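Me: I should like to work through this structure by question and answer. Please reason briefly each time and close on the value or name requested.

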Amino acid sequence: MVEEKVTACCPRCGTVIRWEENPYRPFCSQRCKLIDLGKWIDEEYRLAGEEPPTEEEGEAEERR
Ligand SMILES: [Zn+2]
């Protein structure tokens, strides 16, 4: 019938992905998957560009 569940939106960046051929679902790519995992294990999966500077701000203030 109609392709209903073939595509989905990446919960990370909102990119429309093909559900069937995507090994990283529900994410669009390994990058987004790792970024999402990085929420709680960002110590190991540090990806530049997407990490919020929370703790770094505290350190920066202390240095002042
Ligand atoms: Zn994505």
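**Confidence, fold and core**

Me: Which element of the chain has the lowest mean pLDDT, and which the highest?
Reply: The model is predicted, and its elements differ in mean pLDDT. Helix 2, residues 55–63, has the lowest mean, 61. The highest mean, 89, belongs to residues 16–18, that is, to strand 2.

Me: What pLDDT does the chain average?
Reply: A score of at least 70 is reached by 52% of the residues. The average over the chain is a pLDDT of 74.

Me: In what order do the elements run from the N terminus on?
Reply: The secondary structure consists of two helices and two strands. Read from the N terminus, the order of these elements is β-β-α-α.

Me: What percentage of the residues of the chain count as buried?
Reply: The chain has 64 residues. To count as buried, a residue needs 20 or more other C-beta atoms within 10 Å of its own. The share that qualifies is 8%.

Me: Which residues make up the largest nonpolar core?
Reply: This core has five residues in all. One of them, Cys10, is in contact with Ile17, Phe27, Cys28 and Cys32, among others, when neighbours within four places in sequence are left aside. The members of the core are Cys10, Ile17, Phe27, Cys28 and Cys32.

Me: Among contacts between residues at least 6 apart in sequence, what percentage join residues at least 24 apart?
Reply: The contacts considered are those in the chain between residues at least 6 apart in sequence. Of these, the share joining residues at least 24 apart is 2%.

**The loop between strand 2 and helix 1**

Me: Is the peptide bond from Arg25 to Pro26 cis or trans?
Reply: Arg25 lies in the loop between strand 2 and helix 1, and Pro26 has its place in that loop as well. Most peptide bonds are trans. From Arg25 to Pro26, however, omega is near 5°, and the bond is cis.

Me: Is Arg25 buried, partly exposed or exposed?
Reply: Arg25 touches Ala8, Ile17 and Trp19, not counting residues up to four places away in sequence. Its C-alpha is 7.7 Å from that of Cys10, although the two are 15 residues apart in sequence. Because 15 other C-beta atoms lie within 10 Å, a count between the limits for exposed and buried, Arg25 is partly exposed.

Me: How far apart in space are Ser29 and Cys13?
Reply: Ser29 sits in the loop between strand 2 and helix 1, the latter spanning 30–41. With 16 other C-beta atoms within 10 Å, Ser29 is partly exposed. In sequence, Ser29 and Cys13 are 16 residues apart; from C-alpha to C-alpha, the separation is 10.0 Å.

**Residues in helix 1 and strand 2**

Me: With which residues is Lys33 in contact, leaving aside its neighbours within four places in sequence?
Reply: Lys33 is found in helix 1 and is partly exposed, with 19 other C-beta atoms within 10 Å. Pro11 is 22 residues away from Lys33 in sequence and 9.4 Å away in space, C-alpha to C-alpha. The contacts of Lys33 are Tyr24 and Phe27.

Me: Why does Arg18 count as exposed?
Reply: Arg18 is found in strand 2 and touches Val6 and Thr7, not counting residues up to four places away in sequence. Its C-alpha lies 8.2 Å from that of Cys28, which is 10 residues away in sequence. A residue is exposed if 12 or fewer other C-beta atoms lie within 10 Å of its own. Arg18 is therefore exposed, since its count is 12.

Key
Residues are numbered from 1 along each chain as its sequence is written. This is a predicted model: local features need pLDDT of at least 70, side-chain atom pairs count only at pLDDT 80 or more; totals for chains, interfaces and linings use all residues. pLDDT is the predictor's confidence in each residue, from 0 to 100. Helices (H or I, at least four residues) and strands (E, at least two) are DSSP runs, numbered from the N terminus. Two residues are in contact if their C-beta atoms, placed from the backbone, lie within 7 Å. A nonpolar core is a set of buried Ala, Val, Leu, Ile, Met, Phe, Trp, Tyr and Cys residues joined through C-beta atoms within 7 Å.
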